[in-house]
Amino acid sequence: MTGILPYPNADAPSEELISRCVHCGLCLPTCPTFAVLGVEMDSPRGRIRLMKTVWEGRVSADAPAFAKHIGQCLDCRACETACPSGVEYGKLVEAARSQILAATTRSLGERGIRSAAFDWLLPHRRVLAVFARLSVTAKRLGVPRVLRATGLRGGARLAEMLELLPDSATMERLDTVIPASGPVRARVAMFSGCVMGSVFGGTNAATARVLARNGVEVHVIRPQTCCGALHAHAGERERARELARRNVAAFAGEEVDAIIVNAAGCGAAMKEYGWLLKDDTAWATRAAEFASRVRDATEFLGDLGLRAVPSPMRVRAAYDDPCHLLHGQRVREQPRALLAAIPGLEMVPLEEADWCCGSAGTYNVTQPELARTLLERKVANIEKTGADVVVTANPGCLMQIQSGLRRAGSRTRVVHLIDLLDEAYRAG
Amino acid sequence: MATAVRAGMRGTALVRALQELLGAKKVLGTPEELLIYEYDGAVDTATPDAVALPESTADVSALARFCYEHAVPIVPRGAGTGLSGGAIPVEGGVVVSFARMARILEIDVPNLRAVVQPGVINLHLSTATAPHGLYFVPDPSSQKACTLGGNVAENSGGPHTLAYGVTTNHVTGLELVLSDGTVVRLGGKAVESEGYDLVGTFVGSEGTLGIVTEITVKLTPLPEDKRTLIAAFPTMDEASETVSSIIAAGIVPSAIEMMDQLATQAVEASVSAGYPLDAGGILLVEIDGARDGLDDVREKIEAICRAHDASTIRVAATALERERLWAGRKGAFAAMGRLSPDYYVQDGVIPRTRLPEILRLVKESGERHGVRIANVFHAGDGNIHPLIMFDLRNGPDELERAKETSIEILTACVEAGGSLTGEHGVGMEKNCYMPLQFAPADLAAMRRVKDAFDPAGLANPGKVFPTPGRCREFSLAARR
């Protein structure tokens with residue numbers, strides 16, 4: 001064996017966090033990849049052990065096996081919900097990814113794709129919007145079929161990515177301040193996100209409308225940027241930190257009760273800005289203060305309580321918990337309470353609603369086979385419910401589940417919870 | 001004393017041979033893969049030479065025959081949640097993971113039986129049978145994760161064994177692969193079968209006699225209703241006395257669990273179920289059965305608690321509240337990471353009436369050795385679980401002090417007329433202490449059973465019986 005490489009830099013998975021794991025195994029049955037692969041290395045406990053063995057000098061930080069098993073993790077954090085010792089697994093796996101990135105080299109092509117996605121597309125909303133619109137057009141023109149016909153592996157993969165997109169991408173420019181209707185109950189600043197802003201712009205507009213209708217004054221902050229969640233998931237720690245600093249600065253000085261996010265993945269990342277920047281003395285305090293004000297839109301509305309009663313909707317709805325809302329932010333009851341507040345809506349239980357659909361940030365791109373297996377499992381569970389709509393609260397889940405249902409020929413619709421509420425209000 | 005395993009095929013040669021035998025997809029053998037099978041839920045570790053992932057009884061049989069012919073130790077592994085090192089390949093060889101033999105084969109409602117593969121998760125069986133109004137009674141605290149194969153190997157218990165018995169009382173049939181690869185079926189769906197009770201012999205044999213590949217279990221009708229209450233006491237003494245008083249009053253609750261303040265703090269931090277943090281001792285009591293009369297029994301229990309100075313008594317008002325309380329109790333060991341990175345959990349059993357003095361001894365022993373101890377255990381059964389905390393990173397001294405404390409506690413349990421282990425198994429954690437409880441002739445009798453089924457000594461070697469190498473230190477210490 002050649003030399004054992006230790007963790008290359010200070011972003012290594014914290015030994016203190018690792019030491020909290022008493023390897024009891026209670027996380028195993030909640031881990032989707034363990035359920036599919038059935039081997040200890042692809043369980044949360046096994047992955048934490050791998051991180052520990054690197055500290056112990058028994059496994060090299062650049063070992064392909066280390067990259068493989070850490071890479072196969074969804075970072076869905078279901079294991080955190082299951083863990084009685086409170087092991088913060090998400091922080092560990094993201095740290096491990098940053099080390100793999102630093103310890104290994106990538107091909108020119110992969111570096112190019114990473115740079116294009118992480119440096120150019122995600123942080124620049126206008127570029128992303130143009131890209132999204134072009135991609136949607138390509139998809140509608142049948143480009144995926146052409147790509148598949150080439151018979152190339154890359155072509156099939158690109159086709160799969162295009163098929164994840166919705167049939168239209170909308171970018172709506174919101175006013176700077178959306179006034180509350182009636183007496184003001186709260187003032188919030190809205191985080192509009194990158195994908196949410198350029199593909200699901202309609203949902204952002206709906207969020208502002210629903211909040212306003214419930215007595216919330218909404219401020220839209222212009223210089224904000226991508227939250228950096230996808231960067232952090234992919235181990236791009238420094239890029240994630242840079243975006244976090246820009247957002248903290250953008251929202252500084254806003255005298256608001258909360259910073260509202262309608263994408264669960266973004267909210268989970270933003271609630272951890274304090275931790276992400278904890279070693280940056282100039283930013284740590286401001287980042288922690290920012291993080292303490294972040295609320296998911298459904299969490300905030302659920303806690304505040306709806307003032308305006310939505311008009312009735314005769315639908316059977318199933319709720320699928322976004323992992324980064326349920327496991328990442330521990331928000332479970334509020335979205336369900338909001339659904340229960342829609343008169344006429346019938347809730348049907350969805351088995352494994354707390355399981356990842358396979359979207360998981362960029363997972364459906366980096367691990368297409370596993371993502372597909374988990375998506376098929378999710379679609380099968382959805383079809384068992386007989387629901388008219390599946391409700392969720394995160395762009396990744398929306399696109400992934402939509403594409404799965406479309407492929408299965410299902411007529412079940414997927415909708416963001418806020419969009420459903422908005423529909424109910426607008427019907428009245 | 002056990003004889004050491006004769007050196008047979010090991011290392012990469014073994015991995016290659018097994019890949020040939022079973023197919024590459026059913027064998028793991030890279031260094032990184034093997035390292036990740038070196039642990040279970042307890043402290044001891046050892047790296048296997050290979051890991052097999054059989055998908056059928058035929059696979060297990062072929063594997064066992066191969067191991068028999070090539071002198072390879074064979075160690076079954078369920079979910080790796082065990083607390084006595086049962087799944088640790090201390091003599092090397094092949095670890096057999098049952099992750100891919102995890103199907104419920106049959107739910108026979110009229111006969112109250114289920115037939116399962118060993119990899120089925122304990123709780124998954126009860127979830128699957130709940131629509132029929134049935135459940136599988138033994139509920140180890142790790143039931144969300146542990147497998148029925150592991151339960152059979154360790155003869156696992158759980159909080160509800162007080163009224164309903166342990167795993168062996170709920171298993172009626174087994175399909176086994178003997179150490180030479182022969183497949184045998186013992187028992188079946190009937191309660192009694194002719195001849196020797198070999199099912200009883202195999203349940204709790206910790207993989208040292210053969211490998212279970214199919215299990216027939218009893219299912220039990222779900223009780224009509226339950227009452228669950230927690231009572232907080234000023235000290236562990238009052239809580240202990242309450243336990244004896246409840247039983248003396250002729251009440252046999254389905255569970256009586258006790259927790260000390262330290263354990264309660266870790267548990268409450270994990271579940272926020274409303275466990276009082278200021279109490280010296282807490283009892284979690286559950287009664288179940290026909291709804292009529294259940295509240296009368298509850299009131300009697302409350303009165304006994306109050307007579308022993310219980311400060312607060314809370315009855316779970318909803319199913320959710322009950323679930324939260326149990327989630328806390330069942331996650332207690334797993335919550336120890338909040339207090340300490342490493343711990344030994346002892347499993348001694350004592351006559352219930354001796355609880356107060358044993359708990360005092362546990363406390364004194366911990367103080368004398370300078371180790372922190374939390375207690376969370378099945379008080380109704382007199383099955384104590386002192387959690388003796390240490391930090392391996394602080395070097396061997398802390399580990400030694402934890403071990404010395406363990407030995408003192410176990411010796412006291414045996415001297416009080418109890419036993420070394422109630423439900424966690426002997427494994428490689430307590431095998432050196434077996435002579436505390438058994439005379440040489442007793443151990444030799446057990447040894448003859450082992451030799452009859454596993455003449456080559458390949459079935460989970462280094463477990464249950466004292467081994468000359470690892471136990472020498474203890475024998476010397478005992479002689480001092």
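The domain assignment of chain B recognises domain 1 (104–221), domain 2 (225–335) and domain 3 (340–424), the bounds being taken from an automatic or database domain assignment. The C-alpha centres of domain 1 of chain B and domain 3 of chain B are 29 Å apart. Seven residues of domain 1 of chain B nevertheless make contact with six residues of domain 3 of chain B, two residues being in contact if their C-beta atoms, placed from the backbone, lie within 7 Å. On the side of domain 1 of chain B that touches domain 3 of chain B, three residues are nonpolar, three polar and one charged. In this classification Ala, Val, Leu, Ile, Met, Phe, Trp, Tyr, Cys and Pro are nonpolar, Asp, Glu, Lys and Arg are charged, and the others, Gly among them, are polar.

The model described here is predicted: local features need pLDDT of at least 70 and side-chain atom pairs count only at pLDDT 80 or more, while totals for chains, interfaces and linings use all residues. Residues are numbered from 1 along each chain as its sequence is written, with chains lettered from A and ligands numbered from 1 in the order in which they are written.

Chain B as a whole contains 16 helices and 18 strands; helices (H or I, at least four residues) and strands (E, at least two) are DSSP runs, numbered from the N terminus. Its radius of gyration is 22 Å, in agreement with the value near 23 Å for a compact globule of 480 residues. This radius is taken over C-alpha atoms, and the globule rule is 2.2 Å times the number of residues to the power 0.38. Along the principal axes, the C-alpha atoms of chain B fill a box of roughly 65 × 60 × 40 Å. Of the 480 residues of chain B, 54% are buried. Here a residue is buried if 20 or more other C-beta atoms lie within 10 Å of its own, exposed if 12 or fewer, and partly exposed in between, with C-beta atoms placed from the backbone. Among contacts in chain B between residues at least 6 apart in sequence, 73% link residues at least 24 apart.

Turning to chain A, the secondary structure comprises 24 helices and nine strands. The radius of gyration of chain A is 21 Å, which agrees with the value near 22 Å for a compact globule of 428 residues. The C-alpha atoms of chain A occupy a box of roughly 70 × 55 × 40 Å along the principal axes, and 53% of the 428 residues in chain A are buried. Of the contacts in chain A with a separation of 6 or more, 77% are between residues 24 or more positions apart. The assignment for chain A lists domain 1 (15–103), domain 2 (108–163), domain 3 (177–302) and domain 4 (310–427). Between the C-alpha centres of domain 2 of chain A and domain 4 of chain A the distance is 25 Å.

One helix of chain A deserves a closer look. Helix α12 (residues 201–213) of chain A has 13 residues and spans 19 Å from its first C-alpha to its last, close to the 18 Å expected at 1.5 Å a residue; the expected span is 1.5 Å times one less than the number of residues. The buried residues of α12(A) include A:Gly201, A:Ala206, A:Val210 and A:Arg213. After α12(A) comes A:Gly215, with a positive phi near 85°.

The two chains meet in a contact that takes 28 residues from chain B and 27 residues from chain A. Helix α2 (residues 31–35) of chain B supplies the largest share of the side of chain B that touches chain A, three residues. That side of chain B has 15 nonpolar, eight polar and five charged residues.

The largest nonpolar core has 264 residues, and those with the most contacts inside it are A:Ile260, B:Ala52, B:Val94, B:Val96, B:Ile282, B:Leu283 and B:Leu387. Such a core is a set of buried Ala, Val, Leu, Ile, Met, Phe, Trp, Tyr and Cys residues joined through C-beta atoms within 7 Å. Leaving aside neighbours within four places in sequence, B:Ala52 is in contact with residues including B:Leu18, B:Leu63, B:Val94 and B:Val96.

Several individual residues of chain B complete the picture. B:Ser126, in helix α4 (residues 122–129) of chain B, is buried, with 20 other C-beta atoms within 10 Å. Not counting residues up to four places away in sequence, B:Ser126 touches B:Tyr135 and B:Phe136. Most residues other than glycine have a negative phi. B:Leu112, however, has a positive phi near 55° and is found in the loop between β5 (104–108) and β6 (113–116) of chain B. B:Asp309 has a positive phi near 70° and lies in the loop between α10 (294–307) and β15 (312–315) of chain B.
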